[in-house]
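Dear colleague,

I am handing over the structure we spoke about, and below it you will find an account of what turned up when I went through it. Please read the notes with the coordinates open beside them.

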Amino acid sequence: MAENTISVRLGIKNEAVRKELEEVISPEEGFHLLRRHDDPGPCDLLILETEKSASEDFQLIQDLQASGKVREVFLTSPRLEPDLLLQALRAGVKEFFSQPINREEVRAGLFKFKDRR
C-alpha cells in the first residue's frame with residue numbers, strides 16, 4: 001500500500017450497507033479498503049455501524065482513537081435521533097451517515113477526510 005493511501009476498515013453488521021459502502025469506497029483513488037481477512041491492525045479510517053448498543057460502540061470509538069489504532073471514525077446507523085448524534089459528536093465521530101446510505105454524502109466525507117489528512 002502506498003504511503004499516501006488511506007486505509008479504510010468497515011465495522012458494518014448489515015451486509016447490504018457493507019456492500020454499498022464497498023461500492024462507494026473501492027473505486028476512489030487514494031483509498032484502500034481493508035477486507036475482513038486483512039490484518040486487523042491500525043487503519044486511518046473506521047466506518048462503524050451502530051444500532052441498539054450505542055454506548056458500547058462509543059466507548060470502543062474512544063478507546064480506538066486513544067490507542068492510535070484508528071485516526072478517525074465515521075458512523076452509520078438506521079436510527080437518526082438527536083441523542084445518538086450528540087453521543088457521536090462527544091465520542092469524536094467526524095461524519096455520520098444515516099441509512100439508507102447516500103453515496104454522495106459518503107464521497108464528500110471521504111474527500112473531507114483526505115483534505116484534513
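**Salt bridges**

A network of salt bridges links Glu15, Arg18, Glu22 and Arg35. Please keep in mind throughout that this is a predicted model. The structure as a whole holds 12 salt bridges, and I describe some of them here.

Within the network, Glu15 and Arg18 form a salt bridge whose closest N and O atoms are 3.9 Å apart, and since these two residues are 3 apart in helix α1, about one helical turn separates them. Arg18 also forms a salt bridge with Glu22, where the closest N and O atoms are again 3.9 Å apart; this pair too lies in helix α1, with 4 residues, or about one turn of the helix, between the partners. As for accessibility, Arg18 counts as buried because its relative accessibility is 9%, whereas Glu15, with a relative accessible area of 45%, is partly exposed, and Glu22, at 21%, counts as partly exposed.

A further salt bridge joins Arg116 to Glu72, with 2.5 Å between the closest N and O atoms. This pair links distant parts of the chain, given that Arg116 belongs to helix α4 and Glu72 to strand β4, 44 residues apart. Arg116 is partly exposed, with a relative accessible area of 41%, while Glu72 is buried, with a relative accessible area of 7%.

**Aromatic rings**

A search of the whole structure for aromatic pairs finds 2 of them. In one, Phe74 and Phe97 meet edge-to-face, with 5.7 Å from centre to centre and 80 degrees between the planes. Phe74 lies in strand β4 (residues 70-77) and Phe97 in strand β5 (residues 95-98), so this pair ties together parts that are 23 residues apart in sequence. Both of these residues, Phe74 and Phe97, are buried.

In the other pair, the ring centres of Phe74 and Phe113 are 6.4 Å apart and their planes stand at 85 degrees, so this pair is likewise edge-to-face. Because Phe74 lies in strand β4 and Phe113 in helix α4 (residues 103-116), the pair ties together parts that are 39 residues apart in sequence. Phe113 is buried, as is Phe74, and the ring pairs link Phe74, Phe97 and Phe113 into a cluster.

**Nonpolar cores**

The largest nonpolar core has 18 residues, of which Val8, Leu10, Leu21, Ile25 and Ile47 touch the most other members. Two or more residues of this core come from each of β1 (6-11), α1 (15-25), β2 (31-34), β3 (43-49) and α4, and α1 gives the most, with 4 residues. If neighbours within four places in sequence are left aside, Leu21 is in contact with Leu10, Ile12, Ile47, Ile101 and Val106. Apart from this core lies another, of 16 residues, which include Val70, Val73, Leu75 and Phe96.

**Polar and charged residues to look at**

Which side chain of opposite charge is nearest to Asp57, a buried residue without a salt bridge? The answer is Lys13, at a distance of 4.2 Å, and a salt bridge would require a side-chain nitrogen within 4 Å of a carboxyl oxygen. Asp57 lies in helix α2 (residues 54-67), and, not counting residues up to four places away in sequence, Asp57 touches Lys13, Leu48, Glu49, Thr50 and Glu51.

Gln99 lies in the loop between β5 and α4 and counts as buried because its relative accessibility is 16%. The side chain of Gln99 makes a polar contact of 3.1 Å with the side chain of Thr76. Leaving aside neighbours within four places in sequence, the residues in contact with Gln99 are Val17, Glu49, Thr76, Ser77 and Pro78.

Finally, Asp63 is also placed in helix α2 and is partly exposed, with a relative accessible area of 43%. Between the C-alpha atoms of Asp63 and Arg90, which are 27 residues apart along the chain, the separation is 13 Å.

With best regards

Note on methods
Residues numbered from 1 in each chain as written. Predicted model: local features only at pLDDT ≥ 70, side-chain atom pairs only at ≥ 80, totals over all residues. Heavy atoms only, no water. Phe/Tyr/Trp six-rings, centres within 6.5 Å; stacked < 30°, edge-to-face > 60°. Buried < 20%, exposed > 50% of the residue type's maximum accessible area, 1.4 Å probe, protein only. Core = buried A, V, L, I, M, F, W, Y, C linked by side-chain atoms within 4.5 Å. Contact = heavy atoms within 4.5 Å. Lys, Arg positive; Asp, Glu negative; His and termini not counted. Polar contact = N/O pair within 3.5 Å; in protein donor to acceptor, adjacent residues only side chain to side chain.
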